[in-house]
Amino acid sequence: AVQIASARRFRNLRNDRILDTRQIGVALRRLKKLDKDTGPEELYLDKTIDESARNGGEIELIFGPPRRNKVRLLLLIDVGGSMDPHTVLCERLFSAAHAANHFKKFESRFFHNCVYEKVYTDISRWKGEATKDILKRVDDKWSVVFVGDAWMSPYELTYSGGAIDYYHDNVDTGLTWLQRFR
């Protein structure tokens, strides 16, 4: 066994695998922060099985307060331009996240290249809300997931007025806004 383990037979990662919406949904289910909630007690199946096994097969039912998922998820997705090759995968993620019903709260917004003063609920119509308003609602109980390819100019990240959109005059740099999500 030691000789087989020391052979160190590694395999390259496959690049032809395609994630579908269901697989992404399964991955999102692993985002859990279970917390005890108020309400009628429920049967803890795993603890019941363990305790029954310790009792030599005599069934011992274990009850406790209900546990609910407390995850609050904010999904920020880069769209357009360099993200075009990743559109199908991002749509699958977006669909799976919207279909998931196990989050306590879920919100999604779009941005182009970098998060600035505004993020969008409908970027095709430039309909959105101020990033500072989202930051007021999002506290340390929220998980924030950024989806993007980081294909922006260093100028967008480090300079005031460095936004790629010609008519967008950002006062704060892209890095300033990203740091506020910490």
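Two exercises with worked solutions follow, on a helix pair and on backbone angles.

This is a predicted model, in which local features need pLDDT of at least 70, side-chain atom pairs count only at pLDDT 80 or more, and totals for chains, interfaces and linings use all residues. Residues are numbered from 1 along each chain as its sequence is written, and side-chain values use heavy atoms, without hydrogens and water.

**Exercise 1.** Describe how helix 2 packs against helix 4.

*Solution.*
Step 1. Helix 2 spans residues 21-29 and helix 4 residues 87-99; helices are DSSP runs (H or I, at least four residues) and strands likewise (E, at least two), numbered from the N terminus.
Step 2. The axes, lines fitted to C-alpha atoms over the stretch in contact, give angles from 0 to 180 degrees between N-to-C directions. Here the angle is about 55°, with the axes 8 Å apart.
Step 3. Helix 2 is therefore oblique to helix 4 (under 35 degrees is roughly parallel, over 145 roughly antiparallel, 65 to 115 roughly perpendicular, the rest oblique).
Step 4. T21, I24, G25 and L28 of helix 2 meet L89, R92, L93, S95, A96 and A97 of helix 4, contact being heavy atoms within 4.5 Å.

**Exercise 2.** Determine whether N113 and A150, which have positive phi, are buried or exposed.

*Solution.*
Step 1. Most residues other than glycine have a negative phi.
Step 2. N113 has a phi of about 70° and lies in the loop between strand 6 (105-111) and strand 7 (118-122). Its relative accessibility is 6%, so N113 is buried (under 20% relative accessible area; exposed is over 50%, partly exposed in between; 1.4 Å probe, protein chains only).
Step 3. A150 has a phi near 55° and belongs to the loop between strand 9 (142-147) and helix 6 (154-158). With a relative accessible area of 59%, A150 is exposed.
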